[in-house]
Amino acid sequence: SRLCRGRDFQIHRVLTAFNSAVTGEREILLDRYLEGWDELVKFLEALGTVIGFISQEVKGKLELVRDLRRGAPATEKGDPYRTLRSMMAHELRAGLVDFRRQSLSGCRTLLRLHRSLHWLQLFLRAVERSSAVDSMGALCSVAYNQALAPYHSWLLRKAVGVALVALPDRAEFFRIVCGEEEKGEREREREREREGRQLLERTVLAITRVYNITQEAYQVNGMLDLP
Ligand code: 1PX
């Protein structure tokens, strides 16, 4: 069942990864950033097959950045893919960033993940404020229209619309977030939701911090619109 597949997902791992991605110098550690995404992919995979194309898309992007990292290992001059800023500096210096057309740079690839974190922030904030009558699909698509749709083609927007109809309901969402198996009575369900909300809040804060630092780095380098 969906629940069993979802058991793997642990929201506290998302929290830990994104929290530890930020260093004292406000650097973003790419390994930790990608680990945070690995965990989010598990959540997507717990949602089942209709969402499958979205998790494939994310996995492809994660793999691409990791391939680049492996292909440019650390030397005595430094580790080019250790942090977001070192990646930007390295790819700019090496002429790997194409400002005119689509390329396979780490910068343009991570920009897609970055925009997705914007979506995630908006979505999770809406979930926090939601009540039992709200539909997940609706919360999702409001956030999607704001954060991602402007970058997507008409056809993709339609496909996403179809996929969002297949989202689980709110109770199941919290079951996946809290990693509990048994369907409890009302009381248990409420308690679980309280715990879930607290963890969600902290996770949103961690993601927001990472998002803001990343946004600033892209802005400083004039790379917010990389094709
Ligand atoms: C605790 C809750 C965790 C929830 C985790 C959910 C994480 C979801 C992240 C969504 C990531 C979407 C990636 C989009 C990247 C992108 O824009 N790619 C497009 C452009 O790439 P390109 O290389 O061509 O420039 C690409 O064309 C898009 C592919 C399909 C993406 C569809 C996005 C749908 C967003 C809505 C996600 C709904 C997930 C439901 C979670 C409850």
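**Group meeting: a ligand site and the helices in this model**

Let's start at the ligand: one of its nitrogen atoms sits 2.7 Å from an N or O atom in the side chain of glutamate 57. I'm calling that a polar contact, meaning a pair of N or O atoms within 3.5 Å; within protein, one atom must be able to donate a hydrogen and the other to accept it, and residues adjacent in sequence count only if both atoms are side-chain atoms. Taken on its own, the ligand has 940 Å² of accessible area, and the protein covers 89% of it. Those areas come from the Shrake-Rupley method with a 1.4 Å probe, and for residues only the protein chains shown count as cover.

Before I go on, the ground rules. This is a predicted model, so local features need pLDDT of at least 70 and side-chain atom pairs count only at pLDDT 80 or more, while totals for chains, interfaces and linings use all residues. Residues are numbered from 1 along each chain as its sequence is written, and side-chain values use heavy atoms, with hydrogens and water left out.

Back to the ligand. Which residues are closest to it? Glu57, Lys61, Arg108, Arg112 and His152, out of 27 that surround the ligand; a residue counts as near if one of its heavy atoms lies within 4 Å. Lysine 61 has a polar side-chain atom 2.7 Å from an oxygen atom of the ligand. For arginine 108, an N or O atom of the side chain is 2.7 Å from a ligand oxygen.

Now, how far do we trust the model? The average pLDDT, which is the predictor's confidence in each residue from 0 to 100, is 91 for the protein, and 94% of the residues score at least 70. Helix α5, residues 84-93, has the highest confidence at 98, whereas helix α1, residues 2-6, has the lowest, at a mean of 45. Across residues 1-6 the pLDDT is below 50, and that stretch has 13 contacts in the model beyond near neighbours in sequence. A contact means heavy atoms within 4.5 Å. As for the labels, helices (H or I, at least four residues) and strands (E, at least two) are DSSP runs numbered from the N terminus.

Next, packing. In helix α2, residues 11-20, the buried residues are Ile11, Val14, Leu15, Ala17 and Phe18. Buried is under 20% relative accessible area, exposed is over 50%, and partly exposed is in between, with a 1.4 Å probe and protein chains only. The cover over the buried residues of α2 includes α3 (30-46), α6 (106-129), α9 (170-178) and α10 (186-220).

Over in α5, Leu84, Met87, Met88, His90 and Glu91 are buried, and the buried residues of that helix pack against α3, α4 (52-71), α6 and α10. Just after α5, glycine 95 takes a positive phi of about 70 degrees.

Following the chain, serine 105 is in the loop between α5 and α6. Is serine 105 buried or exposed? Its relative accessible area is 3%, so serine 105 is buried. Serine 105 touches Leu64, Leu68, Glu91, Leu96 and Val97, leaving out residues up to four places away in sequence. Leucine 64 is 41 residues from serine 105 in sequence, yet their C-alpha atoms are 8.7 Å apart.

Valine 127, in helix α6, is buried because its relative accessibility is 0%. Among the residues valine 127 touches are Met136, Leu139, Phe173 and Arg197. Valine 127 and arginine 197 are 70 residues apart in sequence and 8.7 Å apart in space, C-alpha to C-alpha.

Arginine 197 itself is in helix α10, and at 23% relative accessible area arginine 197 is partly exposed. Its contacts include Glu128, Ser130, Arg170 and Phe174. At the other extreme of this talk, the C-alpha atoms of arginine 197 and threonine 75 are 44 Å apart, with their positions 122 residues apart in sequence.One backbone oddity: most residues other than glycine have a negative phi. Arginine 26 has a positive phi, near 55 degrees. Arginine 26 is in the loop between α2 and α3 and is partly exposed, at 41% relative accessibility.

Last, the cysteines. How many disulfides are there? The count is 0, taking a disulfide as a pair of cysteine sulfur atoms within 2.5 Å. Cysteine 107 is buried at 0% relative accessibility, and cysteine 140 is buried at 4%.
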